[in-house]
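Please open the structure in your viewer and keep the selection tool at hand, as this tour moves from the ligand to a pocket elsewhere on the protein.

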Amino acid sequence: MNATLQGLISNAERAWSERQHDGKTHVTVVVDTSSLARGARETLAALQSAAANPANDMVVHITGSWGFCWMEPCVTVRSAAGTRSVLYHDITADLVPELVERCVTNGGDWPEMALGIVEGTATADIPLLSDHPFMQGQVRRLMKNTGTTDPESIDDYLAQGGYSGLLRALELTDEEIIKEMLDSGVGGRGGANFPVGRKWDFLRTATAAPKYLVCNADEGDPGAWVNRTLLEGDPHLIIEGLAIAARASGAREAYVYIRYEYPLAITRMQNAVEQAKAKGILGENILGLGWDFDVVIFKGAGSYVCGDETGLINSIDGFRGMPRIKPPFPAQAGLWNKPTNVNNVESYANAPLILREGAAWWCNVNPGEQPEKGTKMFCLSGQIVNAGCTFEIPFGSSTMREALERYGGGMLPGKELKGYQPGGPLSGVLPASEINNAMQLAPFRERGMFLGGGGIVFFDNGESILDLVMWMTGFCEDESCGRCTTCHGGNQRAVEVLRRIAMGGGRENDIDKLEGIVKTLVWSNCQHGQLSPTAIKLMLKYFRGELESLIHHKVDPTRSLPGFIEYRVRSQSDPDLESAVAICPTVAIVQDGQQQWMVDQRLCILCGACKEVAPSAMEVVDRFAPVPVGAIAAGGG
Ligand SMILES: Cc1cc2nc3c(=O)[nH]c(=O)nc-3n(C[C@H](O)[C@H](O)[C@H](O)COP(=O)(O)O)c2cc1C
């Protein structure tokens, strides 16, 4: 047992325990990107100024996300007696004085704003947090500290058993560490579920030196932020995972590649590295063991293909962010052509749990033979009640329907599910009829797409499938590195065809054309190009009726595609018509010879501003002649 590390853990545990009984009220605010967007900075400032008043005898802390991102800022108040803590939601700065008065000065609760009791017994007004519907079915292991500890404090992490996975790894040989990882069955969380232990073994047995680790924190899929939740909420968990991987593989240096759009994650990871170095857990002669290992935080420049492991390696190497041709694989020739292991954030973050608690414990949440083991984090967005929620469940324990209803809170009132997109823009949209799929890899692979890293977006019937696919294909076109014509030219051509259909110019042979483009794009050099036609492929399979209606009948059942509609003046006497005329940016609402207001369709740019300010004066009509109802197929193939 390494006495230095054991000493650090024991000291931190003692300090934490003393803090729990110091007779002060402890108020903890979630400070992460989601809560900051909803005013957490101002809430924190208001709490800090309340704490400056000695009469309040309170201490203010920050923490990571509980996953209730749609109800931020979330604040926990722990009583001065240390017997009870309550989690509150939507505590904006203006509510801080009332929170302080009720919960700090008077030492009571605020039931109307409470989400649940974190510590202590339930009351008639406030149930236990563990009984909250959002917490049902969750097994929070990766998220154990997010919501409770300060992500900017290594001592908070140590006090919760942090770095004791590394402590155990120091007792094991490299092969024993890898065996523990293999026994757990943990697979890569970037989407492919490739055994993490096998990857580490490739690096361990590589003969060239030096060897490198890379943590893929690019998380480029729109609608995905599970990695950000860990980077911002528990950075030491990732650093500990990297240190364990380094012990197992012989790597001397790790690069954490974080996307430019995650500034708080970059700051928190950088801070965590410095703290770990200050404690002697990273750097030279770690813990007096004569072992050197360093972690470098590397800021990406916002390119999607740099999420691909070889694009990422190229980017760190200082070249343009272009995926490389494989083989050679990174384990043979990665960073600076040396052996390199690339894993996702969540993959590394599981290692401390596996080493600390053992492989058997880690996979005890997954009965049966399913290939996905352990827990998995997901986040949901789109037209749902709890847009922005983040949760952790045993991998494979839920269907998409259960996740939508239990964690997402269901579709927004009045909205009907049309489909959902797992796996980001390289995946595609599945129709509502596929909502009973288990959240495992196989159902999605069987449908020619993938589950991905954990971000899922739900769409309602007001969305045009063509609009969604046009957006996804446009994203793939923009993000193409430009190296192979198949990808950049193919996606460009696909967008042209989709855009023409969306403007009402669909032609009889467009479906054949799209099928041809799909067949061609799969021959692109890298996975970005190869997977970019997935959204079109799935539209042709699952939403063909809607596409045919757009091409052949010129009818958009969603009435959302600008090319299929016209704005017209509905009521000459409506009092709001004046506002519509005034707001039109192209002065398209004009008077004809009879002084009647009308929309000059040559000038109208279909921005919809007139309808927004004058909903009853203006109307939206189909641009093309209607066809018999039976000929229109909305959704479904
Ligand atoms: C275009 C593209 C983007 C990708 N983006 C990410 C990403 O943001 N995060 C990630 O972990 N993997 C991403 N991947 C997958 C990585 O190439 C790689 O497989 C993964 O980081 C391996 O880690 P794992 O084995 O732990 O899953 C992407 C792949 C492609 C083709």
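A polar contact is here a pair of N or O atoms within 3.5 Å, and with that cut-off in mind, select G307, where a backbone N or O atom lies 3.3 Å from a nitrogen atom of the ligand. The model on your screen is a predicted one.

Stay with the ligand and add N216, which has a side-chain N or O atom 2.9 Å from a ligand oxygen atom, and then E309, where a polar backbone atom is 2.9 Å from an oxygen atom of the ligand. Taken alone, the ligand exposes 610 Å², and the protein buries 87% of that area.

Next, widen the selection to the 19 residues around the ligand, among which G190, K199, N343, N344 and S347 come nearest. Colouring this shell by residue class gives three nonpolar, 10 polar and six charged residues. Two elements, β10 (340-344) and α20 (527-531), each supply at least two residues of the shell, and β10 has the largest share, with three.

Now leave the ligand and go to the second largest pocket, which holds about 280 Å³ of space. Of the 18 residues lining this pocket, select W16, T28, R78, E119 and T148, the closest to its centre. Two or more lining residues come from each of α1 (3-20), β1 (25-30), β2 (58-63), β3 (75-78) and β5 (114-119), with α1 giving the most, three residues. Coloured by class, the lining of the second largest pocket divides into four nonpolar, nine polar and five charged residues.

How values were computed: Residues numbered from 1 in each chain as written. Predicted model: local features only at pLDDT ≥ 70, side-chain atom pairs only at ≥ 80, totals over all residues. Heavy atoms only, no water. Near = heavy atom within 4 Å. Polar contact = N/O pair within 3.5 Å; in protein donor to acceptor, adjacent residues only side chain to side chain. Areas by Shrake-Rupley, 256 points an atom, 1.4 Å probe, with all protein chains shown as cover. Helix = DSSP H or I, 4+ residues; strand = E, 2+ residues; numbered from the N terminus. Nonpolar A, V, L, I, M, F, W, Y, C, P; charged D, E, K, R; others polar. 1 Å grid on protein atoms, 1.4 Å probe; cavity = no way out; pocket = protein on both sides within 12 Å on 5 of 7 lines; lining within 4 Å. Points joined across faces, edges and corners; volume = space filled by probe spheres on them.
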